[in-house]
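Student: Hi, I'm new to this one. Could you walk me through it?

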Amino acid sequence: MGPGLTVPPIFSPIPPAIHPCHAEADVQTAAWAETFRIGSEELRGRLVSQAIGTFSARILPEGREEVVSLLADFILWLFGVDDGHCEEGELGRRPGDLAAELHRLLRVAQNPEVPMLLDDPLAAGLRDLRLRVDRYGTPGQAARWVDALREYFFSVVWEASHRRAGTVPDLNDYTLMRLYDGATSVVLPMLEIGHGYELQPHERDRTAVRAAAEMASFIITWDNDIFSYHKEKKEKSATGYYLNVLRVLEWHEGLTPKQALDVAISQRDRVMCLYVRLTEALAEQGSPQLRQYLRTLGSFIRGAQDWGVTSVRYTTPDDPADMPAYFRDTPVDGSGEPLDIPAVSWWWNLLAPGGDAHPAPGRPAHRT
Ligand code: 3E9
Ligand code: MG
Ligand code: MG
Ligand code: MG
Ligand code: MG
C-alpha cells in the first residue's frame, strides 16, 4: 500500500463471535505445524505467529472443538501450499509442474494409504487431515472436501500461468479465479462437519444456495484483497509479482490505488447487500440444517474480517498497515444493481421482488 492509503471501516452486518477455545487452538495448531514440519523453518515461524487457530475459532464459534482444531491445521496447511508452493516457491512460476505436484497431493488426500510423497511434509500433514476428516465427517463430506481441493488447485495453476507471464487477468477472469483461489470453497465442508450434520444435496446443490456460498467467497476474498494489499505489495519486491483486485482495477481501469480501493469496497458492499437479502429468504424456506449452514457461512465472513484486520500476517507490525479499528453497519454502496461482471451478474436474478429465492438459470441479469 502506498504511503497514506488507509483502509476505512468496512461494512459488516454480521456480529462478531469466537469459540472459547481460541487460545488453545493457536497453541495446538503451532504444535501441529511443528510435528509435520509444514513449510520451510522460516515460513513455519511466520505462520505459527499469525493466530490461525483464532481464525478457525471465529469461523466455528459454536462448533465442535476437535473440528476447530482440524480447521485451524487445515488453514495453516493451505498457507503452506499457497505461500510455500504458489506465491513464494519455484512451482508458482511453473504451472505444469505445479499441476503435477498438486495432483500427487490430491491422490494422498483421496487415498491417504498410497505410498507416494513419503518424505514430503505437506503430504504427511494432508494424510493426517484426511484421517481427521474421516473421523468427524461423513464419506460424502470427505469426497466433497477432496473435490473442493481439486477446484482450489485448478485455480492456483491458472494463477501461476499469470505469475509466470507477469500478466494481470481482467476483472471477469479474476473474479472467476478468486471464487476458488482464496481456498474458501475447501472450507465449506468443514462448516457442516464442525456442527456434526450433513446438508442434504437437494438443498446444498440448489443454485441459490450455491450462489450464497459463492457470494460469501466473493466477500471474503475481496475483503482479503483489501486487508492484504499492504502485505502483498510489499512482497512484490521479494517475489516480483502480486495479484489482488486492487491491482486488477489499477491495471485494467487505470485507477490509482485509492480509486481502486473505493471501487473494490463498492463491489463487495453490493454483494454483501445481496447476500443478506438472499440468505434471509433462503433461511425462511430452509431446513434447520440449511439455517445452521447459513449462520456458519456468516461466521466465516465475519471471522475472516476480524482476523484480517488484527493478524500480524496483515498488520505487519514492522511496517504497519493502516487498518480500520471497527466495522460499519451501513454500506457505502447499497445499490441493488448487478455488478458488471458476467461470471456473477446472474446472482442478482435470484431474488424476485417479493424476496423469494428463485433459481433462475439462464436469464440474463436484468437492470432494475
Ligand atoms: C488466500 O488468498 C489463500 C488461502 C490459501 C488462505 C487460506 C485461508 C482460508 C482457506 C480461508 C479463507 C480466508 C481468506 C481468503 C483470508 P491470498 O490472497 O493468497 O491470502 P493472503 O493471506 O496471502 O492475503
Ligand atoms: Mg494466494
Ligand atoms: Mg497469499
Ligand atoms: Mg491476499
Ligand atoms: Mg498474521
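Student: Which hand does the crossing of H5 and H6 have?
Tutor: The H5–H6 crossing is right-handed (the near helix is turned clockwise from the far one by less than a right angle; anticlockwise would be left-handed). This is a predicted model, where local features need pLDDT of at least 70, side-chain atom pairs count only at pLDDT 80 or more, and totals for chains, interfaces and linings use all residues. Residues are numbered from 1 along each chain as written, chains are lettered from A and ligands numbered from 1 in written order, and side-chain values use heavy atoms, without hydrogens and water.

Student: What is the angle between H5 and H6, and how far apart are their axes?
Tutor: H5 (residues 95-110) packs on H6 (residues 121-136) at about 30 degrees, with the axes 8 Å apart. The two helices are therefore roughly parallel (under 35 degrees).

Student: Which residues meet there?
Tutor: From H5 come Leu105, Val108, Ala109 and Gln110, and they meet Leu122, Ala123, Leu126, Arg127 and Arg130 of H6 (heavy atoms within 4.5 Å). By class, that contact has 6 nonpolar, 1 polar and 2 charged residues.

Student: New topic: what does Glu87 bridge?
Tutor: Glu87 links the magnesium ions ligand 3 and ligand 2, which lie 3.3 Å apart. Glu87 sits in helix H4 (residues 65-87), and its OE donors lie 2.3 to 2.6 Å from ligand 3 (donors are N, O and S atoms within 2.8 Å of the metal, or 3.2 Å for Na, K and Ca).

Student: And what coordinates the magnesium ion that is ligand 5?
Tutor: Ser311 (OG) and Arg313 (N) do, at 1.4 to 2.1 Å.

Student: Are Ser311 and Arg313 buried or exposed?
Tutor: Both Ser311 and Arg313 are buried (under 20% relative accessible area, with a 1.4 Å probe and protein chains only).

Definitions and conventions
Axes fitted to C-alpha atoms, helices over the stretch in contact; angles between N-to-C directions. Helix = DSSP H or I, 4+ residues; strand = E, 2+ residues; numbered from the N terminus. Parallel < 35°, antiparallel > 145°, perpendicular 65-115°, else oblique. Nonpolar A, V, L, I, M, F, W, Y, C, P; charged D, E, K, R; others polar. Buried < 20%, exposed > 50% of the residue type's maximum accessible area, 1.4 Å probe, protein only.
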